[in-house]
Amino acid sequence: MRAETVASVSMLAKLALGQSVINSGNGFGTYYYDIEHPQSCFNDFTNMNTGFVECSQFLPWTLNNVHSNNLVAMNHTLLAGNLAKFCGKRVVVSVNGQPSSTPFFIGDGCERCGTGSSSNTQWNPNGAPGLDFSFSALDSLNSNACNAGHIDISWQILDETLYNFDTNAPGQPTGPVNGGGGDPGNGGGSDPGNGGGTCSWAGHCQGASCGSDNDCSDDLTCISGNGGAYLRGKL
Ligand SMILES: *[C@@H]1O[C@H](CO)[C@@H](O)[C@H](O)[C@H]1NC(C)=O
């Protein structure tokens, strides 16, 4: 409990320090995939997890490749108009005005979230403002997620990159942002397997090319993409 309080206070402090908000809104949270629990809420998300994410345009990168339940899909129309601006950016999601400390980041487009008016307060499965999440993430925001299918949320997208895709960070290896000091939501620097700037086997750290998991330092894994395979860790 205490740890949670400290985390949310430090997040609010960060917001207060003026990290710029590049988009915000009120609407509905829904779910469409789940990496950690592919069988949940009477669904099998196995096929959804193999879908390509909109934020990777050259490297065919799936939800499984991203391997994080914190990826969020946003208004597809807005995202498609400026992938570099929104992809990989931190999203602070609030339920009943309480900001979650989960390090959500933009990775995909949501058709429903871009259809209809952005000020619509009525739920409509064919068009209503909001975000689309993994089931586990939505369920942790509101335990009524499975029953209701959609929950009320508000959000702020901050100008802080948590994940490098080829759209927002061309030339960088696709994966969680390295370093990040003491912020666990940003791949804390002390855990090499979690996106830290260094790893215990030089040359075999995140983003290096690889042939198999045997080439990977620590708990990184070797993931194939177009034209090669790359080491990555979990966000
Ligand atoms: C989605 O974004 C577009 C482009 O900015 C905007 O015109 C539209 O109102 C947005 N739709 C919703 C539902 O937020």
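Here are four short exercises, with worked solutions, on the predicted model shown above.

**Exercise 1. Get an overview of the chain**

Task: Find how many helices and strands the chain has, and what share of the residues is buried.

Solution:
- Begin by counting elements: the chain contains six helices and 13 strands.
- Next, look at burial: of the 235 residues, 40% are buried.
- Finally, turn to contacts with a separation of 6 or more: 59% of them link residues 24 or more positions apart.

**Exercise 2. Trace the partners of strand E1**

Task: Work out which strands pair with E1, and in which sense.

Solution:
- Start with E8: strand E1 (residues 21-33) pairs with E8 in the parallel sense, over five bridges. On this side, tyrosine 33 stands opposite serine 134 in E8.
- Then check burial of E8, where a residue is called buried if 20 or more other C-beta atoms lie within 10 Å of its own. Five of the five residues of E8 (residues 130-134) are buried, so this strand is largely enclosed by the rest of the structure.
- Move on to E9 (residues 151-161): E1 and E9 run antiparallel and are joined by eight bridges. Here valine 21 has leucine 158 of E9 as its bridge partner.
- Now follow E9 onward: E9 also pairs with E5, in the antiparallel sense and over five bridges. One pair to find on screen is serine 94 with its bridge partner in E9, serine 154.

**Exercise 3. Look into two positive phi angles**

Task: For cysteine 41 and asparagine 96, say where each residue lies and whether it is buried, partly exposed or exposed.

Solution:
- Take cysteine 41 to begin with: its phi is positive, about 50°, although it is not a glycine. Cysteine 41 sits in the loop between strand E2 (39-40) and strand E3 (43-44). It has 16 other C-beta atoms within 10 Å, so it is partly exposed.
- Go on to asparagine 96: this non-glycine residue has a positive phi near 55°. The loop between strand E5 (89-95) and strand E6 (98-99) holds asparagine 96. Because asparagine 96 has 9 C-beta neighbours inside 10 Å, it counts as exposed.

**Exercise 4. Describe the ligand's surroundings**

Task: Name the residues that surround the ligand and sort the shell by class.

Solution:
- List the residues: Asn75, Thr77, Leu78, Gly114, Gly116, Ser118 and Pro129 surround the ligand.
- Sort them, with Gly counted as polar: the shell has two nonpolar and five polar residues.
- Check for charge: the shell has no charged residues.

Key. Residues numbered from 1 in each chain as written. Predicted model: local features only at pLDDT ≥ 70, side-chain atom pairs only at ≥ 80, totals over all residues. Near = placed C-beta within 6 Å. Helix = DSSP H or I, 4+ residues; strand = E, 2+ residues; numbered from the N terminus. Buried ≥ 20, exposed ≤ 12 C-beta atoms within 10 Å, placed from the backbone. Pairing = 2+ DSSP bridges. Contact = placed C-beta atoms within 7 Å.
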